[in-house]
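Q: I would like a close look at the cysteines in this structure, and then a guided walk from there through the helices and the loops. Please take it slowly, as I am new to this.

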Amino acid sequence: MKELKGIKIGKHYIEKPIIQGGMGVGLSWDQLAGTVSKNGGLGTVSAICTGYYQNMRFVKKLVDNRPLGTENAYSREALFEIFKNARKICGNKPLACNVLRAINDYERVVTDALEAGADMIVTGAGLPLELPRLTGDFPDVSIIPIVSSARALKVICKKWKAEGRLPDAVIVEGPKSGGHQGAKYEELFLPEHQLEYVIPLVKEERDKWGDFPIIAAGGIWDSNDIQQMLELGADAVQLGTRFVGTHECDASTVLKEVLINAKEEDIVIVGSPVGYPGRAVKTDLIKNLVPDNKKIKCISNCVFPCGKGQGARKVGYCIADSLGDAYLGKLQTGLFFSGANGHKLKEIVYVKDLIDELMQ
């Protein structure tokens, strides 16, 4: 048995090797992230569509009850409020912020997160090659890429080292995670894309650049999974879906009930306007998708791969609208992301009890 011990990420010490994944829209905001950090893990605030926070009270302009444009979808004021409220829970313990690389206004949102008080910036869904430059005025802030291959880590390390930085940690995400995936649909189930294959290769690549921690993510559910990841060479693990099943998770009650009631066959891979396949619960939205739906409007202009609604119309839904509806508890129109093991979620527990269980 490997000992479960804390890790150092840059200048920040995490007491327990349990990282809570950044989940948007609204699954991991102040209550969840603050409580995870309070209990010795690393809480992660999601910067995705913060305009929906507190029933969109920080949004300056709405259209069809949606935040209008990128400035409102990614509300700076709401992100500051989220961090302020998370700090009331966890004090000065480390807090991360996940900023999806594929969003519009990526550089502005990273800057907002830094000024709001994030101790770490986590980025996936694209290579965050500009992150050392964006965080240059915040030398104590750790920068953490999410990768799905050793090759991606090599590209990042080569670029970042030229700018005088290296990752302070790396999250290796396998194809059993919830939400957007880092591989094409036809590649998701191939052996060479699974964590068991990828982590040793990432460790080999990491060793060429330094000794920053490797964090395994994607389908990790219990202490047995954690032990397996540590045996493969990881230093810590990241969990998302398990934290949805907590009282402190910021998600709607409807969203939590959707996951609790999901069977294994209900969790499916869907296309996404982001351009990556995603994993979600098969609810009415997915069952009734109409691809090439010309009626879909782009109101929030959330992600650049979508091309202001072109991608949304192609797959049959808007990612911001659908995730926003899930956060608001709208069962018919919501998109409910889940990891591959989401069907194992059968009860709602407290964050402290979940972390204690994982640490056993």
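A: Happy to! The structure holds 0 disulfides, and please keep in mind that this is a predicted model. Why is Cys49 not bonded to Cys302? A disulfide needs two cysteine sulfur atoms within 2.5 Å. The cysteine sulfur closest to that of Cys49 belongs to Cys302, and at 5.4 Å it is too far for a bond. Cys306 has a similar story: the closest cysteine sulfur is in Cys298, 6.0 Å away, which is again too far for a bond. Both of these starting points are covered. Cys49 is buried, with 2% relative accessibility, and Cys306 is buried too, with a relative accessible area of 9%.

Cover is a good theme to carry over to the helices. Take helix H14, residues 319-328: 9 of its 10 residues are buried, so the rest of the structure largely encloses this helix. Its buried residues run from nonpolar to charged side chains by name, and they include Ile319, Asp321, Leu323, Asp325 and Tyr327. What do they pack against? The partners are helix H2 (53-56), strand S6 (66-67), strand S11 (179-180), helix H11 (253-261) and helix H12. Just after H14 comes Gly329, which takes a positive phi of about 85 degrees.

Helix H1 is mostly covered as well, with 7 of its 9 residues buried. Those buried residues are Asp30, Leu32, Ala33, Gly34, Thr35, Val36 and Ser37. A glycine follows this helix too: Gly40 has a positive phi, near 95 degrees.

Now for helix H5, which lets us see cover and helix packing together. Its buried residues are Tyr106, Val109, Val110, Asp112, Ala113, Leu114 and Ala116. The elements that cover them include helix H4, strand S7 (95-98), strand S8 (120-123) and helix H6 (131-134). Just past the end of H5, Gly117 has a positive phi of about 115 degrees.

How do two helices sit against each other? Two packed helices are described by the angle between their axes and by the distance between the axes. For H4 (residues 76-90) and H5 (residues 106-116), the axes come within 9 Å and cross at roughly 35 degrees, and the crossing is right-handed. On the H4 side, Arg76, Leu79, Phe80 and Phe83 make the contact, while H5 brings Arg108, Val109, Asp112, Ala113, Glu115 and Ala116. Sorted by class, this contact has 6 nonpolar residues, no polar ones and 4 charged ones.

A second pair is helix H7 (residues 150-162) with helix H8 (residues 195-206). Their axes come within 8 Å and cross at roughly 25 degrees. Angles under 35 degrees count as roughly parallel, and H7 and H8 are therefore described as roughly parallel to each other. Their crossing is also right-handed. Here Ala150, Leu153 and Lys154 of H7 meet Leu201, Val202, Glu205 and Arg206 of H8. By class, the H7 and H8 contact has 4 nonpolar, no polar and 3 charged residues.

Leaving H8, we step into a loop. Asp211 sits between H8 and strand S12 (214-217), and it is exposed, with a relative accessible area of 71%. The C-alpha atom of Asp211 is 9.0 Å from that of Asp168, although the two are 43 residues apart along the chain.

Finally, let us look at some unusual backbone spots. Most residues other than glycine have a negative phi, and most peptide bonds are trans. Asp292 is not a glycine, yet its phi is positive, about 55 degrees. Lys308 is another such residue, with phi near 55 degrees. Where are they? Asp292 is in the loop between helix H12 (284-287) and helix H13 (310-315), and Lys308 is found in the loop between H12 and H13 too. Lys308 counts as exposed, at 60% relative accessibility. As for peptide bonds, the one joining Gly24 and Val25 is cis, with omega of about 10 degrees. You can find Val25 in the loop between strand S3 (18-20) and helix H1 (30-38), which brings us back to a helix we have already visited.

Terms used:
Residues are numbered from 1 along each chain as its sequence is written. This is a predicted model: local features need pLDDT of at least 70, side-chain atom pairs count only at pLDDT 80 or more; totals for chains, interfaces and linings use all residues. Side-chain values use heavy atoms; hydrogens and water are left out. Buried means under 20% relative accessible area, exposed over 50%, partly exposed in between (1.4 Å probe, protein chains only). Axes are lines fitted to C-alpha atoms, for helices over the stretch in contact, and angles run from 0 to 180 degrees between N-to-C directions. Helices (H or I, at least four residues) and strands (E, at least two) are DSSP runs, numbered from the N terminus. A crossing is left-handed if the near helix is turned anticlockwise from the far one by less than a right angle, and right-handed if clockwise. Contact means heavy atoms within 4.5 Å. Ala, Val, Leu, Ile, Met, Phe, Trp, Tyr, Cys and Pro count as nonpolar, Asp, Glu, Lys and Arg as charged, and the others, Gly among them, as polar. Angles under 35 degrees count as roughly parallel, over 145 as roughly antiparallel, 65 to 115 as roughly perpendicular and the rest as oblique.
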